[in-house]
Amino acid sequence: KKTVGKSVSLQARYAPKADAGSADRALTGIKMLGTPKEVSGVGDRAIWVFRGGRMGQLNVFSKGTIYLIIGIDGISDENTALDKAKAFALKALANI
């Protein structure tokens with residue numbers, strides 16, 4: 001039986017100057033990954049993409065200067081993957 005691993009990745013980007021248009025520019029690239037969904041409850045704006053039945057990416061924008069990308073792999077249930085990504089994002093934002 002093949003074992004499928006699970007992984008989480010985090011990218012954090014900080015801009016010293018607020019950039020109100022960063023989320024809209026990032027959305028162009030995010031759309032190439034799949035159908036984006038707006039997500040509430042984390043950051044000022046968050047966009048979720050789930051693709052391939054096991055890979056998700058949560059893009060979180062906060063205060064115009066912080067951009068987080070949380071990648072989740074190996075969880076086939078989209079809601080579970082999104083909940084885990086949101087939890088990681090909230091922890092990261094609390095420590096930035």
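This passage describes one helix and the salt bridges in a predicted model.

The helix H1 spans residues 22-30, and within this helix Ala23, Ala26, Leu27 and Ile30 are buried. These four residues lie on the same side of H1, because the arc that they cover around the axis is only 115°. Such an arrangement agrees with the general geometry of the α-helix, in which a turn takes 3.6 residues, so that residues three or four places apart point the same way. On the other side of H1, by contrast, Arg25 and Thr28 are exposed. The cover over the buried residues of H1 includes three strands, namely E3 (45-51), E4 (55-62) and E5 (66-73).

Attention then turns to charged side chains. Side chains of opposite charge can pair when their charged atoms come close, and in this structure 3 salt bridges are found. One of them joins lysine 37 to glutamate 78, with the closest N and O atoms 3.0 Å apart. Because lysine 37 belongs to strand E2 (residues 37-39) and glutamate 78 to helix H2 (residues 78-94), this pair ties together parts that are 41 residues apart in sequence. Lysine 37 is partly exposed, at 43% relative accessibility, and glutamate 78 is likewise partly exposed, its relative accessible area being 24%.

A further salt bridge is formed between the side chains of arginine 45 and glutamate 38, for which the N to O distance is 2.9 Å. Here arginine 45 has a relative accessible area of 23% and is therefore classed as partly exposed, whereas glutamate 38, with a relative accessible area of 52%, is exposed, given that the class of exposed residues begins over 50%.

Arginine 54 and aspartate 73 also form a salt bridge, in which the closest N and O atoms are 3.1 Å apart. Since arginine 54 is located in the loop between E3 and E4 while aspartate 73 is located in strand E5, the parts tied together by this pair are 19 residues apart in sequence. Arginine 54 counts as partly exposed at 28% relative accessibility, and aspartate 73, with a relative accessible area of 24%, is partly exposed as well.

Strand E5 thus appears in both parts of this description, since E5 is among the elements that cover the buried residues of H1 and aspartate 73, the partner of arginine 54, lies in strand E5.

Notes
Residues are numbered from 1 along each chain as its sequence is written. This is a predicted model: local features need pLDDT of at least 70, side-chain atom pairs count only at pLDDT 80 or more; totals for chains, interfaces and linings use all residues. Side-chain values use heavy atoms; hydrogens and water are left out. Buried means under 20% relative accessible area, exposed over 50%, partly exposed in between (1.4 Å probe, protein chains only). Helices (H or I, at least four residues) and strands (E, at least two) are DSSP runs, numbered from the N terminus. The arc is that of the directions from the helix axis to the C-beta atoms. Contact means heavy atoms within 4.5 Å. A salt bridge is a side-chain nitrogen of Lys or Arg within 4 Å of a carboxyl oxygen of Asp or Glu.
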